[in-house]
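I set out to look up how some helices pack and what lines the pockets. My entries follow.

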Amino acid sequence: MKFILISGLSGAGKSKAASFLEDMGYYVVDNMPAALIPKFAELCMASPGRYDKVVLVTDIRGGQTFDGLFDALDKLHDMGCDYKILFVEASVEAIIKRYKETRRNHPLSKTGRSLEEAVQLERSALEPVRQRAEYIVDTSALPTAKLRGEMLRLFGSGDTASAMSVSVISFGFKYGIPIEADLVFDVRFLPNPYYIAELRHQTGLDQGVWDFIFGYQQTRDFMKHLEGLIGFLLPLYVEEGKTALVIGVGCTGGHHRSVAITRALAEFIRQKGYSAAENHRDMTRE
């Protein structure tokens with residue numbers, strides 16, 4: 001069982017880190033009282049398969065001393081429950097800026113105590129937890145997408161391709177570009193099977209249309225360049241933190257050229273190890 005305890009400074013990004021881990025299949029519990037942690041661990045260990053990956057978030061909201069937390073962690077160790085501590089922090093300046101932007105109150109803000117004093121007080125109180133942490137992530141200059149990438153690097157399965165799903169959509173420009181598309185490619189420059197009588201009522205999934213389109217050198221050259229571009233972009237999108245990519249491929253009516261190219265591109269993406277679904281939006285339209 002993977003057991004991760006997230007702690008750190010208020011406003012540093014603990015909730016974001018927890019939400020990314022939840023997307024990765026972890027069961028997340030926020031602000032669990034320290035005294036309940038061993039009991040919860042017992043429940044998880046007694047339910048194999050259901051709570052194999054667990055994240056608990058604990059911070060200053062549970063009190064300014066962490067003796068109870070350390071006692072709970074010692075009990076986890078005695079139970080044979082392996083755990084790791086992730087400590088999320090940021091500079092005082094970054095945290096103050098975030099609180100001013102969100103207009104929320106810091107947990108230690110009181111009458112007569114400035115926001116800077118509250119952050120400094122929290123930093124001092126959490127220092128014993130920080131010292132016991134296996135992982136320390138500073139989010140001062142870390143965009144949200146990069147934080148997700150860091151969670152994947154630290155706690156992912158190692159298969160970065162599985163972190164992003166890809167959808168390839170064929171469409172007809174006469175019906176409009178799919179609004180969900182991140183990338184759009186226009187293949188109306190390719191030879192059009194529509195003008196071949198025996199191919200007109202077929203689609204890009206039919207062998208005759210496929211052979212016609214890919215029988216031209218310009219189609220093969222285009223696919224070579226397209227595969228090179230997509231193969232270059234996919235790992236960069238994963239690194240940037242993108243979880244879903246939608247690629248639109250359009251021709252005039254969405255029956256022939258875009259369908260064949262979509263089928264070929266989706267197969268290429270799957271061969272690269274990514275999950276790729278294909279959808280032919282306008283293929284059956286009259």
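**Entry 1: α1 against α6**

I looked at the handedness first and found that α1 and α6 make a right-handed crossing. I note here that the model is predicted. I then looked up the geometry: the two axes, of α1 and α6, come within 9 Å and cross at roughly 55°. Angles from 65 to 115 degrees would count as roughly perpendicular and those under 35 as roughly parallel. The pair α1 and α6 is therefore oblique.

Which residues of α1 meet α6? I listed Lys-16, Ala-17, Phe-20 and Leu-21 on the α1 side. On the α6 side I have Thr-144, Leu-147, Arg-148, Met-151 and Phe-155. I sorted the contact of α1 with α6 by type: six residues are nonpolar, one is polar and two are charged.

**Entry 2: α6 against α8**

I stayed with α6 and turned to its packing on helix α8, residues 217-240. The angle between α6 and α8 is about 95°, and their axes are 7 Å apart. That angle makes α6 roughly perpendicular to α8.

From α6, the contact takes in Ala-145, Lys-146, Arg-148 and Gly-149. From α8, I noted Val-238, Glu-239 and Glu-240. How do the residues of the contact of α6 with α8 divide? I find two nonpolar, one polar and four charged. Arg-148 is in my notes twice: it meets α1, and it is part of the contact with α8.

**Entry 3: α2 against α3**

Next I took helix α2, residues 37-45, and helix α3, residues 67-78. Their axes come within 9 Å and cross at roughly 30°. Angles under 35 degrees count as roughly parallel, so I log α2 and α3 as roughly parallel to each other. The crossing of α2 past α3 is right-handed.

I wrote down Ile-37, Pro-38 and Ala-41 as the α2 part of the contact. The α3 part is Leu-69, Ala-72, Lys-75 and Leu-76. By type, the contact of α2 with α3 holds six nonpolar residues, no polar ones and one charged.

**Entry 4: the largest pocket**

I moved on to the pockets. The largest pocket has a volume of about 580 Å³. Its lining has 21 residues, and those closest to the centre are Ser-10, Gly-11, Ala-12, Gly-13 and Arg-104.

Which helix gives the most to this lining? I find α4, with four residues. I also noted that α1 (14-23), α4 (92-102) and α6 (144-155) each supply at least two residues. So α1 and α6, which I logged as a crossing pair, both turn up in this lining. The lining of the largest pocket divides into six nonpolar, eight polar and seven charged residues.

**Entry 5: the second largest pocket**

I closed with the second largest pocket, whose volume is about 380 Å³. I count 20 lining residues for it, with Tyr-194, Arg-200, Gly-253, His-255 and His-256 nearest its centre. How do the lining residues of the second largest pocket divide? I have five nonpolar, ten polar and five charged.

Terms used
Residues are numbered from 1 along each chain as its sequence is written. This is a predicted model: local features need pLDDT of at least 70, side-chain atom pairs count only at pLDDT 80 or more; totals for chains, interfaces and linings use all residues. Side-chain values use heavy atoms; hydrogens and water are left out. Axes are lines fitted to C-alpha atoms, for helices over the stretch in contact, and angles run from 0 to 180 degrees between N-to-C directions. Angles under 35 degrees count as roughly parallel, over 145 as roughly antiparallel, 65 to 115 as roughly perpendicular and the rest as oblique. A crossing is left-handed if the near helix is turned anticlockwise from the far one by less than a right angle, and right-handed if clockwise. Contact means heavy atoms within 4.5 Å. Ala, Val, Leu, Ile, Met, Phe, Trp, Tyr, Cys and Pro count as nonpolar, Asp, Glu, Lys and Arg as charged, and the others, Gly among them, as polar. On a 1 Å grid over the protein atoms alone, a cavity is a set of points where a 1.4 Å probe fits but cannot get out, and a pocket is an open set with protein on both sides within 12 Å along at least five of seven lines; lining residues have an atom within 4 Å of a point. Grid points are joined across faces, edges and corners, and a volume is the space filled by probe spheres set on the points.
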